[in-house]
Structure formats: C-alpha cells, structure tokens
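Student: Hello! I am new to this structure and would like a close look at a single part of it. Could you walk me through it step by step?

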Amino acid sequence: MVFYYFAPIMIYSFAFRIHIFISTITILAGISTIVISVHGLVRKRHYRRSDELLSLFFNVALYFQLFLGFLIYYLLRTSLQGPMWEVPDTQNDASLRFWAIEHIALMIFALFLTQLGRVFIKKSKEPYRKFRASLFYFGTSLFLILFSMTMALTR
C-alpha cells in the first residue's frame, strides 16, 4: 500500500530530473550551434554535415523536452498537486500561471522558431545564408529558453 502512494511521486521526480538533465544538454547544443554559426559567418566557411547534425540534435532535443514537459505536467502530477484543470485560479498565482501558461507558450514558440530555422537552412543554397538563418532562429530560440529559465528561478 505504501508503494502505491510513493510510486507516482518517485516517477514524477525521476521524469523531472531527466527533464532538467536534457535541458542542460539542449542548452549546450544551442550554445554550440550559435558559436558554430558565428564562426561560420566570420570565417566564411561551408556549411558542413556536422553543422547540420548539431542543428538537428538541438531541434530533436527540444521536441523531446516538449514531450517530457507534457508528460510531467499533464500525466505525472501527483495527487497532492492535483490535475491542472482543478487549479482554482492561475491568474492570481504567479507561479502557477508561469508553469501553466507562460513556460509552455515560450517553449512551444522556441521549438517553432527552431523548426522554422531548420526549414530555412535546408532551403538555402549559400553557406552564408545558412549560418545567418541558424544564428537568427536558433539564437532567438535559445534566448527564449534562457529567458524562461531565469523567469523560473525568480518564481
């Protein structure tokens, strides 16, 4: 009987820790993508397969983060926290509003920008345009992620 009480809490905690670990890897991939984009623009080099794979890794990591985030927020919430739809008033509680609305919206928009950047990189023929698109879209996406993280720290 004790197992049935603690199992959901342990699964939630494990999934949350994986989410944080993958977030760190995602941010490192985003920073690497930005550094490589700046290097490519400054050195005027060709857009390599490794650059393509790094941007793909950043994009896939964001999709995985989205999946984990929805899993944690909607399916693994413990009975102590209650389901999201039973939250009485998210507009008056800044912390609840951040996790229920702002964080999710920022992360989905960051993922959208990353996907859009991947499309522009694939459509571009010139390396300069590929690096420029990579720097703009992935940089903006990384900025939104870091902004959301700092907002989470202040809540």
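Student: Which residues form a nonpolar patch on the surface, and what accessible area do they have together?

Tutor: Happy to help! Please keep in mind that this is a predicted model. The nonpolar patch on the surface is formed by Phe70, Tyr74, Leu75 and Ile108, and together these residues have about 370 Å² of accessible area. Helix 2 gives the patch its largest share, three residues. Tyrosine 74 has its place in helix 2. With a relative accessible area of 33%, tyrosine 74 is partly exposed, because a value between 20% and 50% falls in that class.

Since helix 2 gives the patch its largest share, let us follow that helix to its other contacts. Helix 2 covers residues 49-75. Glutamate 52 lies in helix 2 and arginine 118 lies in helix 3. The side chains of glutamate 52 and arginine 118 meet in a salt bridge, at 2.8 Å from N to O. This pair therefore ties together parts that are 66 residues apart in sequence. As for burial, glutamate 52 counts as buried at 15% relative accessibility, and arginine 118 is buried too, with a relative accessible area of 7%.

Aspartate 51 has a salt bridge of its own: its partner is arginine 45, and the closest N and O atoms are 2.9 Å apart. Aspartate 51 counts as buried, at 4% relative accessibility. Arginine 45 is buried as well, with a relative accessible area of 14%. Both values are under 20%, so they fall in the buried class.

The whole structure has three salt bridges. Another of them joins glutamate 126 and arginine 129, with 3.6 Å between the closest N and O atoms. Here the picture of burial changes: glutamate 126 counts as partly exposed at 42% relative accessibility, and arginine 129 counts as partly exposed at 44%.

Now back to aspartate 51, which also takes part in lining the largest cavity. A search of the whole structure finds one cavity of 30 Å³ or more, and the largest cavity has a volume of about 50 Å³. Besides Asp51, its lining includes Thr33, Ile36, Ser37, Tyr47, Leu54, Ser55, Phe131 and Ser134. Helix 1, helix 2 and helix 4 each supply at least two residues of this lining. Sorted by class, the cavity lining has four nonpolar, four polar and one charged residues.

Helix 2 also takes part in the lining of the largest pocket. This pocket has a volume of about 830 Å³. Its lining is made up of 31 residues, and those nearest its centre are Phe16, His19, Ser23, Trp99 and His103. At least two lining residues come from each of helix 1 (2-43), helix 2 (49-75), helix 3 (94-123) and helix 4 (127-154). By class, the pocket lining has 20 nonpolar, 10 polar and one charged residues.

To pull this together, start from the patch and its three residues from helix 2. Then find the salt bridge between glutamate 52 and arginine 118, and the one between aspartate 51 and arginine 45. From there you can turn to the cavity lined by Asp51 and others, and finish at the pocket, to whose lining helix 2 supplies at least two residues.

Key
Residues numbered from 1 in each chain as written. Predicted model: local features only at pLDDT ≥ 70, side-chain atom pairs only at ≥ 80, totals over all residues. Heavy atoms only, no water. 1 Å grid on protein atoms, 1.4 Å probe; cavity = no way out; pocket = protein on both sides within 12 Å on 5 of 7 lines; lining within 4 Å. Points joined across faces, edges and corners; volume = space filled by probe spheres on them. Helix = DSSP H or I, 4+ residues; strand = E, 2+ residues; numbered from the N terminus. Nonpolar A, V, L, I, M, F, W, Y, C, P; charged D, E, K, R; others polar. Patch = residues over 30% accessible without salt bridge, like charges linked within 9 Å, V, L, I, M, F, W, Y side chains within 5 Å. Areas by Shrake-Rupley, 256 points an atom, 1.4 Å probe, with all protein chains shown as cover. Salt bridge = Lys/Arg side-chain N within 4 Å of Asp/Glu carboxyl O. Buried < 20%, exposed > 50% of the residue type's maximum accessible area, 1.4 Å probe, protein only.
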